[in-house]
Amino acid sequence: MSHPTRAESLISTYEKRPDPKDLTQNPSSGKDIDYEPYPQESIQLSPSHQHIVQAICNLYSGSASKEDMQVYAEEAVYDDPWSFCDTRYKIAGQWYGIPKIMSHSRTLKTQVVSSKEDEIIFKLQQEYTPKGFPAGKKVNSLVTLTLDGEGKVRYHKDMWNEKDYSHKGLGKVLKTLNGDHLTGITKPEELGPEK
């Protein structure tokens with residue numbers, strides 16, 4: 001009998017599959033799925049959850065900070081259409097890449113749509129300006145953070161459209177390869193033990 005891998009164990013324990021239509025439907029715009037944030041409609045967060053969201057937005061904005069990375073547990077997942085990482089160090093490889101390829105990345109606005117003891121879900125609008133390009137591009141996404149009993153992020157899912165992610169097939173293989181090998185290029189600092 002085979003034992004589950006670290007990634008399989010994290011997926012089965014911490015992955016949430018949010019319903020984008022339920023969380024983002026906007027009758028006033030006529031959209032079934034609307035990832036554009038409306039900050040005035042944001043749910044109020046506790047100070048501890050606000051700290052987590054701020055650290056994550058700092059990372060999206062290129063902080064590449066050891067302090068911001070501490071919101072993740074050592075064994076955590078980052079999952080988006082391009083990458084799948086199953087340790088905090090591999091996740092750092094993704095975030096430390098932003099300042100290397102972007103001349104500018106900034107969070108324009110957020111809207112928290114769900115806040116529970118073990119989850120934070122928010123809509124994010126980020127503007128990315130790749131190096132060598134004169135103008136940035138705005139990207140809207142739905143970010144789901146699953147927290148453990150210590151308040152650490154164990155699963156970070158970044159959805160760019162209404163489709164959830166498969167953990168099978170060629171797409172998963174390519175995402176995992178990216179997650180496993182990007183640290184060799186971006187060279188994040190060692191993050192050390194939990195604080």
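**Figure 1. Lining of the largest pocket by residue class.** In this predicted model, the lining of the largest pocket comprises 13 nonpolar, 7 polar and 3 charged residues. Here Ala, Val, Leu, Ile, Met, Phe, Trp, Tyr, Cys and Pro count as nonpolar, Asp, Glu, Lys and Arg as charged, and the others, Gly among them, as polar. The pocket encloses about 570 Å³ of space. Of its 23 lining residues, Asp 80, Ile 98, Ile 101, Tyr 128 and Trp 160 are the closest to the centre. At least two lining residues come from each of α5 (88-95), α6 (98-101), β4 (119-130), β5 (137-147) and α8 (183-186). A pocket is an open set of points on a 1 Å grid over the protein atoms alone, where a 1.4 Å probe fits, with protein on both sides within 12 Å along at least five of seven lines; lining residues have an atom within 4 Å of a point. Grid points are joined across faces, edges and corners, and a volume is the space filled by probe spheres set on the points. Helices (H or I, at least four residues) and strands (E, at least two) are DSSP runs, numbered from the N terminus.

The model is predicted, and local features need pLDDT of at least 70, side-chain atom pairs count only at pLDDT 80 or more, and totals for chains, interfaces and linings use all residues. Residues are numbered from 1 along each chain as its sequence is written, and side-chain values use heavy atoms, with hydrogens and water left out.

**Figure 2. The second largest pocket, with a volume of about 170 Å³.** Its lining consists of Ser 48, His 49, His 51, Ile 52, Glu 67, Gln 70, Val 71, Glu 117, Leu 147, Gly 151 and Lys 152. Helix α3 (residues 47-60) contributes the largest share, 4 residues. By class, 3 of the lining residues are nonpolar, 5 polar and 3 charged.

**Figure 3. The open sheet of 6 strands.** The strand order is β2-β1-β6-β5-β4-β3, and the pairing is mixed. The edge strands β2 (84-85) and β3 (102-116) each pair on one side only. Two strands are taken to pair if DSSP finds at least two bridges between them. Strands of a sheet pair through backbone hydrogen bonds, either parallel or antiparallel. β3 and β4 are antiparallel, with 12 bridges between them; Thr 107 has Gln 126 in β4 as its bridge partner.

**Figure 4. The hairpins of β4 with β5 and of β5 with β6.** β4 and β5 pair in the antiparallel sense through 10 bridges, and Glu 127 is bridged to Lys 138 in β5. The hairpin has 6 residues between these strands, and Gly 132 in the turn has a positive phi of about 90°. β5 and strand β6 (residues 153-159) also run antiparallel, joined by 6 bridges. Within this pairing, Val 143 has Asp 158 in β6 as its bridge partner. Here 5 residues lie between the strands, and Gly 151 in the turn has a positive phi of about 80°. Gly 151 also appears in the lining of the second largest pocket.

**Figure 5. Strand β1 (residues 72-79) and its pairing partners.** Of the 8 residues of β1, 6 are buried (under 20% relative accessible area; exposed is over 50% and partly exposed in between, with a 1.4 Å probe and protein chains only). β1 and β6 run parallel, joined by 4 bridges, with Asp 79 bridged to Lys 157 in β6. β1 and β2 pair in the antiparallel sense over 2 bridges and form a hairpin with 4 residues between them. Tyr 78 stands opposite Cys 85 in β2.

**Figure 6. Cys 57 and Cys 85, each in no disulfide.** The structure holds 0 disulfides (pairs of cysteine sulfur atoms within 2.5 Å). For Cys 57, the nearest cysteine sulfur is that of Cys 85, 18 Å away. Cys 57 counts as buried because its relative accessibility is 8%. Cys 85 is likewise buried, with a relative accessible area of 0%.

**Figure 7. Glu 15 in the loop between α1 (6-14) and α2 (20-24).** The side chain of Glu 15 makes a polar contact with the side chain of Lys 157 at 2.9 Å. A polar contact is a pair of N or O atoms within 3.5 Å; within protein, one must be able to donate a hydrogen and the other to accept it, and residues adjacent in sequence count only if both atoms are side-chain atoms. With a relative accessible area of 16%, Glu 15 is buried.
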